[in-house]
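Here are some questions on surface patches, a recorded feature and a long-range pair. Each is worked through from the coordinates.

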Amino acid sequence: MMEIPSIFIPEDWSFTFYEGLNRHPDSIFKDKTVAELGCGNGWISIALAEKWSPLKVYGLDINPRAIKVARINLYLNALDENGEPIYDEEKKSLLDRVEFHESDLLSYCRDHNLQLERIVGCIPQILNPNPEAMSKMITENASEEFLYSLSNYCALQGFVEDQFGLGLIAKAVEEGISVIKPMGIMIFNIGGRPGQGVCKRLFERRGFQVTKLWQTKVIQAADTDISALVEIEKNSHHRFEFFMGLVGDQPICARTAWAYGKAGGRISHALSVYSCQLRQPNQVKIIFDFLKNGFQEISSSLDLSFDDDSVADEKIPFLAYLARALKENSFFQYEPPAGSTQFRNLIAGFLKVYHHIPLKTDNVVVFPSRAVAIENALQLFSPRLAIVDEHLTRHLPKKWVTSLAIEGGTDDKRLEDVITVIEAPRQSDLMIELIKKLKPQVVITGMAHFEAVTSSAFGHLLDTTRDIGTRLFLDISDQFELSSLPGSNGVLKYLAGSILPPHAAILCGLVKNQVYSDLEVAFVISEEETIYKALSKTVELLEGHTALFSQYYYGCLFHELLAFQLADRHPPAQRDSAKAKPVEMIGFSSSATLALNDAELSVYEVENLSLIHMDVDKSFLPIPSPVKAAIFESFARQNMVEAETDVKTGIRQFIKSNYGFPIESSAEIISGDSPLVLFNKLVLCCIQEGGTLCFPSGSNGNYVSAAKFMKANIANIPTHSEVGFKLTENILAGSLAKINKPWVYLSGPTINPTGLLYNNEEIRGILSVCAKFGARVVIDTSFSGLEFNTQGWGGLNMEAILSELSCSGNSSFCVSLLGGLSFEILTGGIAFGFLVLNQPLLIDTFYTFPGLSKPHCTAKYAIKKLLGLQEQKAENLLEALKEHKEILRKRSNSLKETLQKCGWDVLECCGGTSMVAKPSAYLGKTLKLNQSSNDNGPSGAYETKLNDSNIREAILKATGLCINSGSWTGIPGYCRFTIALEDSEFEKALECIVRFNEMVVSN
């Protein structure tokens, strides 16, 4: 073998490595494609090819002279003394089996699209004592000394393992993931100086299962400087592992080893050979493919090491799914309020395949949690008396579970709106006895484990509740198993053979996962159309949506259980029809019926129409890379500590920086899944205090409808077009003078839906009036942060205003700040809202309503990360925010121009994601539609005389464009258009507006 000074000379390291390779059976390399990293003079590649007959060995080294020497050595070993190739029993020579190429790690294989079955490497792992040298150009003319340094040391690679000198190996492993075949194996030589745990973790946290093939001790090279390791110990708790001589068995730290070596002693360290194989190769490849495309900085947070295989089997496929979704999608698609269509399909599919229940997707309604589903159902029916399983009452409003208003007829106005909940034991015979005696209108219960195995107890409950006229919600959360071998479940057995009666629904909370004990999603099953449609509307009205990533997580679990199943292998089950119709029972409450009928909730399904949504408060603009990184990192992390998910400090700073809102030490910062869920709890506080909720005309229609649904006393405060439908002092004062215990809702500084801005003086005037009348004020900032026409505005700073008004002397006056971060820091699919309460009495009242949908720890981790980036003024996040504002500015101008050309009166907006306009040119005109009017139109004819009340329906039927009418905006005649759509969708929306105009004109 030829050697020269500028290449790595074989020594204990490479000999030990070859011994480790020898520990494998011969078949591991036979007919395989192999790459050796850091091949040096090529002896291991040549020896490997000679002994094990691989298909091909690629010897790779960054040192160009090493490759020249390796090629010389290859010919020296491949040819006989006459210069003729030496052939093996397969008629191949070493020249057929071995190639040497200059390559920075695996760059040659990537560039030539080579897929490898084995990757082996004995590469440097000591920090370069002169890192600046690594920036020199690597050329043939480089000095012998530099090229030797290149062969023996590694520079910082940008990995967390750099601090242990393992950065180059970490880089090699991650590059290897992209080029190794699914069943491939990597084998690396690693010095044990960082400690065996650190060495193994390098592989395990990247998704490998690790086997130690061989370990010995070697004398620390005299020319290797370990002072860098001494510095690391000095500044951290970590201790490296050295030994005194070759026979010492007690490890010593780097500082002791350095001192011992300086005094003339010989120090050694362990040297191990590790064999590694990806435990879920296809999924891990997807994860690392995502990370290398602009997200390398979060790889240090990735941890795919698991003590329990069942945890790995859940988390790795989900991370792969999440990585693919974030890579392939620039935004998250609109999903109906009833839950992601795909997720509901998976639930229905699981029940069909594993329990033989032929449900449709529409039979499934998704909720943020079981507690939310229960509370929504009770608010929907508003029963005078409900019996609820004692295990399910702890999240219900305190007022409901302490009320004694069981007696009294419907003529008693004090009692007609009171929900009284009686706790009951879970055992079915005791529950049935209570039902027969108390005759409740609604029962919500689970089943004892010993009764859940068969369907008899469930059948008895169904019969009893049907005969009495009671609606039944049965909770199967404790018995429902996400497993390929689910246990016996009596309720699901019943549903496999019989249709669920119209008076009953099944409730299930998904909490049984191996990774996140507090990650919950719930679903309700009903086969009664009016019930499942009404329940899905309550989700939109009271919750807004169910957290998207929670649905993704459980969707992955369902998908894994269904992916290997053959579709439609069994014929659809024939089920018995429901028994005799139940006696007359409670329907939806009058307030719920009125609110649901009047609310302009989002349209998500119209036959033969492709819908374009300008009626939802969501952004479909591109998600910036820092947001994607924060989302992925939040799920990739393990063992988060509380400090990493505590968002209060970040929110406090955010509020101070953006609104100058003072937060006293006694104030409470509360997080929720969305601003809407927090607002709805405030509505309950208002109701409990006997207050009246005051909405200016031109407020968010969903908030107004939610307050009506919950039976709040509501007052409308007029606004006028001359001031852009803003709230003014004089009109507010005149209205509050007639109202007892007013609660004033104010959207600002950016107003939803108009997109206009309140300035400091306007806010000062409004709050001064509110202070005079002792009003509680809720300022909703959740639609602010995307102001794009700000000339003469000056922003909002409430500190001085509230300081002056704190001396007003009216103790009931207070200002609460409601907000969200989805627009301000472009959070994509992360659901998050915050509420700041400053008054102790209001804080106490708020906490009497415990069923709040709270963000999961992963959402809080991501939000904290993004708040930190915003506070640090991270350039990439600020640029994305600037880009979004510019997109919205151009969109508002484009929409304004199109609407005005088509006869609309437009109120020009200054910020936010929506604007309003009046269809003046269409009022009184006739619209006629038939099949030929619209290629995607409805099958039947449609004719109407256009007015304020039907303009929304007419535009929808004619074009598929969804907008909100004047009944939603609260401004007579003015419709709302949201503009934060995906580019192509926005262009289609403009085309719909033009096409509608042409249809009306042609008529």
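Q: Is Met-2 buried, partly exposed or exposed?
A: The model is predicted. Met-2 sits in the segment before helix 1 (12–22). Buried means under 20% relative accessible area, and exposed means over 50%. Met-2 has 33% relative accessibility, so this residue counts as partly exposed.

Q: Which residues make the nonpolar surface patch with Met-2, and what is its area?
A: Patch members need over 30% relative accessible area. Met-2, at 33%, is partly exposed. Its partners in the patch are Ile-72 and Leu-76, and the area is about 260 Å².

Q: Which residues form a negative surface patch with Asp-313?
A: Asp-313 is placed in helix 12 (residues 309–328). At 46% relative accessibility, Asp-313 counts as partly exposed. The other patch members are Asp-307, Asp-308 and Glu-560.

Q: How far apart are the end C-alpha atoms of residues 867–898?
A: An unreviewed UniProt entry gives residues 867–898 the feature "coiled-coil region". In the model, the span is 91% helix and 0% strand. Its end C-alpha atoms are separated by 37 Å.

Q: Where does Glu-987 lie, and is it buried, partly exposed or exposed?
A: Helix 36 (residues 983–1002) holds Glu-987. Its relative accessibility is 45%, so Glu-987 counts as partly exposed.

Q: What distance separates the C-alpha atoms of Glu-987 and Ile-731?
A: Glu-987 belongs to helix 36. Along the chain, Glu-987 and Ile-731 are 256 residues apart. Between their C-alpha atoms the separation is 40 Å.

Key: Residues numbered from 1 in each chain as written. Predicted model: local features only at pLDDT ≥ 70, side-chain atom pairs only at ≥ 80, totals over all residues. Heavy atoms only, no water. Patch = residues over 30% accessible without salt bridge, like charges linked within 9 Å, V, L, I, M, F, W, Y side chains within 5 Å. Areas by Shrake-Rupley, 256 points an atom, 1.4 Å probe, with all protein chains shown as cover. Salt bridge = Lys/Arg side-chain N within 4 Å of Asp/Glu carboxyl O. Lys, Arg positive; Asp, Glu negative; His and termini not counted. Charge placed at Lys NZ, Arg CZ, Asp CG, Glu CD. Helix = DSSP H or I, 4+ residues; strand = E, 2+ residues; numbered from the N terminus. Buried < 20%, exposed > 50% of the residue type's maximum accessible area, 1.4 Å probe, protein only. UniProt positions renumbered as here; feature names shortened; annotations may be inferred.
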